[in-house]
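Trainee: Could you walk me through this one? I'm new to it and would like to take it slowly.
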2 protein chains.
Amino acid sequence: MKKKQRVSIKDISTELGISITTISFIINKKAKNRISDEVIKKVEDYIKKVGYKPNTSAQTLRTGKTKTIVFMAEDISDPFFSAVAKEMEEIAYKNGYKMIYCSTENDKERASELISLFQDRQVDAFIITPPENFQQEIQELIAQKNEVVMLFDRRYTTTDHSYVILNNFNGAKTAAEKLIASGCLNVAYVGLASDFSCMSERLEGYKDAIKNHQSQPISLLLPFKDVKSKAGRTQFKNLLDQHKNIDGILFATNGLAINGLKGLKELNKKIPDELAVITFDDRDLFELHSPSISVLSQPVPALATELIKGTLQLLKGKNGPNETFQKILPGKLITRDSCNLGVYD
Amino acid sequence: MKKKQRVSIKDISTELGISITTISFIINKKAKNRISDEVIKKVEDYIKKVGYKPNTSAQTLRTGKTKTIVFMAEDISDPFFSAVAKEMEEIAYKNGYKMIYCSTENDKERASELISLFQDRQVDAFIITPPENFQQEIQELIAQKNEVVMLFDRRYTTTDHSYVILNNFNGAKTAAEKLIASGCLNVAYVGLASDFSCMSERLEGYKDAIKNHQSQPISLLLPFKDVKSKAGRTQFKNLLDQHKNIDGILFATNGLAINGLKGLKELNKKIPDELAVITFDDRDLFELHSPSISVLSQPVPALATELIKGTLQLLKGKNGPNETFQKILPGKLITRDSCNLGVYD
DNA sequence: ATGAAAGCGCTAACAT
DNA sequence: ATGTTAGCGCTTTCAT
């Protein structure tokens, strides 16, 4: 098999005896009312025959546009983020856009480096789940107006920007209410010590749900680095030790839940008999777990669809450069055995 | 904040009164013994000061090289593949290469489309876990010699190509032997009905381990589409029904294991008392599962390192265009409760 | 030791 | 309705 040689517009031009311009117009669908149908057909047929594909680098060099969207997730190997990524890619491709993924690892420095890297490569849009303490950088990125900027999963209330997020307040409230309805008298909240809007919103939702049911909220806020660590587990166990009356736990992320379940296993706590459990973000392991774990699941397809829809809309930019796209979507409570005390209902 | 305007070589040239050529040489480290140290320093300082970054599209247009490697996994959201992807990206970036990811979903058509898509975008190398019945396409891709081609996880014994894979035979053998050593008298194998080399190698490893211990192998080979389906689970349950004496199972993939565990749960089978279990590919859920599941884990960092090392070596191409890179790495048995009968040892 | 200039493939303003 | 042409930023051959 021989090396395939790419066909260029120039090749088509010489072969068909038609000027480069005409061909370019036809390729870019700008031929209407300019070029004769006959020529259009001739060119289109030839293009199909030889399988011509425009050279992306040349297009980019000329237009300054790459038709590329970057998705900077906290961790692209996390099932939640990778599921969203997959859904988005599908839609992006259909609209002639490519997607690139990367992970910030919730690290400011790394996120800044990545942004600068992709700016060098002239991407058209950023979809970002910002790391902590990143508001300043996001603000600057938006102000430069070189790329469309869309935040995901987290937002800043003091900056005007585009975002797609879960209704965290309602989600946490629903989950906590479910624990209460299952008979829990003392529901604890295990969350992240973080400036993420989603985290404070979840905590508030929990507080709102329990405010008329128990004397005071019980919460443990772990630093990001301890989510999966033994140290985090120890803190969690201490919490249970200090509050012997805890009979329900709401975990704010699936990572916290996994580590928490490990801790409960180490303590030989029986779920749901001694302790009912609900966590944010569904994962296949939660269904398989003994007992199966109830979750407040995020609507992955809807989130992905809105993210891309919004980003593409902003890329078209019909409403000026200061347009924003903001969407808050409801989560869904999936009840499984971990909160089935059967006390009521 | 104002729009950042990119600096070009021309800008530097006008600003410093030095020719474009000279500057290009300096940037590309081709200035040795050509340009005076004084000029080199002047240019380098200025570049650092203004933060000049070459325009990737122009470079690509000119050289035909993109410094980009594509990783086409079966499913990039699968924890195993995404872990490998993450490791590779790190090393690739350090060597000046970018990585792009995508999923074939084990679909021939889709894989072909993706290859053609990335050929249009002129990537420099493909790292591929081919879908089924894809040998022909891989052969053609290699023959074209436009890109470096490296296979991962699967190889073809009748085609000469580069690959990095697990030692599947030894892995399966070790796992099956462990089940036997744990006291199992009738070990079954649940695998994929597939032409993947890894699948036949695992089956052979299993057969080799049990050949002197039980009268005959017991195996169930499911089609890819039934790995996660209820139909697959039903077939699995039927197997157990037909062979009441099965007391050990080796699952060939983590997907099969997850579905199998669901099936065992539905049947109320006690692990490891009634049935010992080992599966390929570790996942966090296996450690958390009750009981925790023993696994034959793949050496993710080593696999990723070899993949990238090999690909970069081939990209340098010092040993001619027909050079290949082939590596088979050993897996590691992680013993947990699912095969702890404590009969021996 | 340094520079001039061609050309990669494409788009679009400007002819005709 | 169709064509000519400049130029995007860069690498590299060939002068000087």
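Trainee: Which helices supply at least two residues each to the lining of the second largest pocket?
Mentor: Keeping in mind that this is a predicted model, α4 and α6 (108–120) of chain A do so, together with α2 and α4 of chain B. Among the contributors, α4(B) gives the most to that lining, with 6 residues.

Trainee: How much space lies in the second largest pocket?
Mentor: The second largest pocket holds about 1,900 Å³ of space, and of the 49 residues that line it, the closest to its centre are R6(B), K53(B), P54(B), N55(B) and T56(B).

Trainee: And what is the lining like by class?
Mentor: The lining of the second largest pocket has 20 polar, 16 charged and 13 nonpolar residues.

Trainee: Switching to the DNA, how many residues surround strand D?
Mentor: DNA strand D is surrounded by 26 residues, of which the closest are T21(A), R34(A), S36(A), Y52(B) and R62(B). By class, the surface near DNA strand D has 12 polar, 10 nonpolar and 4 charged residues.

Trainee: What does T21(A) approach there?
Mentor: A polar atom in the side chain of T21(A) lies 2.3 Å from a base oxygen of DNA strand D.

Trainee: Okay, and which side chains come up to a phosphate oxygen?
Mentor: Two examples are in chain B: K30(B) has a polar side-chain atom 2.9 Å from a phosphate oxygen of DNA strand D, while for N28(B) an N or O atom of the side chain is 3.3 Å from a phosphate oxygen of that strand.

Note on methods:
Residues are numbered from 1 along each chain as its sequence is written. Chains are lettered from A and ligands numbered from 1 in the order in which they are written. This is a predicted model: local features need pLDDT of at least 70, side-chain atom pairs count only at pLDDT 80 or more; totals for chains, interfaces and linings use all residues. Side-chain values use heavy atoms; hydrogens and water are left out. A residue is near a molecule or strand if one of its heavy atoms lies within 4 Å of it. A polar contact is a pair of N or O atoms within 3.5 Å; within protein, one must be able to donate a hydrogen and the other to accept it, and residues adjacent in sequence count only if both atoms are side-chain atoms. Ala, Val, Leu, Ile, Met, Phe, Trp, Tyr, Cys and Pro count as nonpolar, Asp, Glu, Lys and Arg as charged, and the others, Gly among them, as polar. On a 1 Å grid over the protein atoms alone, a cavity is a set of points where a 1.4 Å probe fits but cannot get out, and a pocket is an open set with protein on both sides within 12 Å along at least five of seven lines; lining residues have an atom within 4 Å of a point. Grid points are joined across faces, edges and corners, and a volume is the space filled by probe spheres set on the points. Helices (H or I, at least four residues) and strands (E, at least two) are DSSP runs, numbered from the N terminus.
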